[in-house]
Each structure stands twice: as structure tokens, then as C-alpha cells.
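This report covers side-chain contacts and strand pairing in a single model. Salt bridges come first, then aromatic contacts, strands and a helix.

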Amino acid sequence: MTGEKSFSPLVRLVPNTAIMGEAAAACLVAADGTGHPVLSHVSRTLGEFSDLVSLPAEELARFGKVYAPTLAEVVRRAVDEAGLSLSDIDLIIPHNVNLMAWRQTIAELDVPSERVFLDNVARYSHCFASDVFVNYTTLREEGRLTEGRHYVMASVGAGATFNAAVLTYRGPR
């Protein structure tokens with residue numbers, strides 16, 4: 001279960017990064033069953049950037065330089081741990097932090113931009129931890145997920161924690 005409210009001006013706008021939206025999502029996870037199997041999950045935290053909202057300008061600039069390479073590395077590791085290659089991934093389902101960060105990450109990954117779902121960035125903005133679930137639901141409702149194909153959900157949290165999970169879509173449930 002995710003859901004957060006932009007309760008203060010401090011979290012409604014992250015300067016030069018994101019405008020925050022509000023959303024909630026729920027996801028049922030089980031060790032086995034007929035759902036969409038998660039093939040891998042990789043997480044990496046860069047503790048030196050844990051207080052992103054109050055970092056000095058030079059540290060924030062340094063975080064900006066390592067952001068795309070670190071996120072790309074986490075995505076690649078998740079795909080590798082799933083026993084796949086990036087060419088096996090139909091879509092990357094991202095968090096909606098901003099288009100510039102994703103364009104840099106797309107360049108680092110060397111994948112076509114149409115394989116990263118960015119339609120909801122303008123529609124909903126960044127909705128904290130709910131982004132990937134909102135984006136997944138949008139793709140499912142639009143019929144853009146294909147039975148048996150593989151997808152990566154990728155996000156970066158405010159504590160400078162980078163995450164990627166690979167799943168296989170098993171059709172509507």
C-alpha cells in the first residue's frame with residue numbers, strides 16, 4: 001500500500017526536479033500464485049545523499065551527475081539477475097520524477113525512448129511511491145501490456161534509494 005499527501009510547500013515542489021502529485025496504490029504480493037511473477041529486484045542506496053531536500057548545492061549537483069548512471073546500473077542488474085537482456089524487456093515502467101532525469105537514464109541504458117513509459121509525467125507528475133503502480137495500471141487499462149512479456153518497474157526514492165524489479169505480465173486478472 002502506498003499513498004502520500006503533499007502536505008507542505010517543502011514537499012510539493014522539489015526545485016529543479018519535480019512537482020509532486022498525490023496518489024495512492026495497493027498491490028497484493030504473494031510467494032506463489034497465478035499473478036505476475038517478479039523475476040528479480042535490485043536496490044541500491046547512496047547514503048551520502050539521504051537528505052535530498054536539504055543538500056548543499058554542490059552535493060545536489062553531484063547527485064545529479066550520478067543519478068542516471070546509478071539508476072541505469074540498477075536496471076541492468078535487475079534485468080541480468082532475471083536472466084534476461086534489455087532487448088527482452090518490452091517496457092520500463094518508471095517513477096515520474098521528471099523527463100530530464102529519464103532522458104539521461106535512457107541515454108545511459110542505450111534503449112529507444114519509446115520503451116520507457118513517460119506519458120504520465122505530464123498527466124500526474126511525481127506521486128511519490130505510487131508512480132510505478134499508477135503507470136502500470138494505466139498501461140494495463142490501455143491494453144499496452146502483453147501476456148508473457150517482461151517489464152521493469154524502476155524508481156528512486158527521496159533517500160537516494162534506487163530500485164528496479166523485473167516482472168512477467170500474465171494477463172488481466
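R44 is partly exposed in this predicted model, with a relative accessible area of 29%. The side chain of R44 meets that of E73 in a salt bridge, with a distance of 2.7 Å from N to O. This pair links distant parts of the chain, since R44 belongs to strand β5 and E73 to helix α2, 29 residues apart. E73 also has a relative accessible area of 29% and is partly exposed. The contact does not stand by itself: R44, E73 and R77 are linked in a network of salt bridges.

The structure holds six salt bridges. The table lists some of them, with the N to O distance for each.

| Salt bridge | Distance (N to O) |
|---|---|
| E73 and R44 | 2.7 Å |
| E59 and R62 | 3.1 Å |
| R144 and D119 | 3.2 Å |

The R144 and D119 salt bridge has its acidic partner in helix α4 (residues 119-124), while R144 lies in the loop between α5 and β7, so the pair ties together parts that are 25 residues apart in sequence. R144 is partly exposed, at a relative accessible area of 34%, and D119 is partly exposed as well, at 40% relative accessibility.

E59 and R62 both sit in helix α2, three residues apart, and so are separated by about one helical turn. E59 has a relative accessibility of 24%, which counts as partly exposed. For R62 the relative accessible area is 36%, and this residue is partly exposed too. In general, side chains of opposite charge can pair when their charged atoms come close.

Aromatic contacts form another group. A search of the whole structure finds five aromatic pairs. In one of them, the ring centres of F49 and F63 are 5.1 Å apart and the planes stand at 55°, so the pair is tilted. F49 lies in the loop between β5 (38-45) and α2 (57-81), whereas F63 is in helix α2, so the contact ties together parts 14 residues apart in sequence. Both F49 and F63 are buried. These two residues also belong to one aromatic cluster with Y67 and F162.

Which strand has seven of its eight residues buried? Strand β8 (residues 161-168) does, and is thus mostly covered. β8 pairs with β5 in the antiparallel sense over seven bridges. The pairing of β8 with strand β7 (residues 150-157) is antiparallel as well and runs over eight bridges. V166 of β8 takes part in both pairings: V166 is the bridge partner of S40 and also of V152. In a regular strand the side chains alternate between the two faces of the sheet.

β7 and β8 form a hairpin with three residues between them. In the turn of this hairpin, A160 has a positive phi of about 60°.

Another positive phi, of about 70°, is found at G143, just after α5. Helix α5 itself spans residues 131-141. Its buried residues include D131, V132, V134 and N135. Y136, T138 and L139 in α5 are buried too.

Notes: Residues are numbered from 1 along each chain as its sequence is written. This is a predicted model: local features need pLDDT of at least 70, side-chain atom pairs count only at pLDDT 80 or more; totals for chains, interfaces and linings use all residues. Side-chain values use heavy atoms; hydrogens and water are left out. Rings of Phe, Tyr and Trp (its six-membered ring) pair if their centres lie within 6.5 Å; planes under 30 degrees apart count as stacked, over 60 as edge-to-face and the rest as tilted. Helices (H or I, at least four residues) and strands (E, at least two) are DSSP runs, numbered from the N terminus. Buried means under 20% relative accessible area, exposed over 50%, partly exposed in between (1.4 Å probe, protein chains only). Two strands pair if DSSP finds at least two bridges between them. A salt bridge is a side-chain nitrogen of Lys or Arg within 4 Å of a carboxyl oxygen of Asp or Glu.
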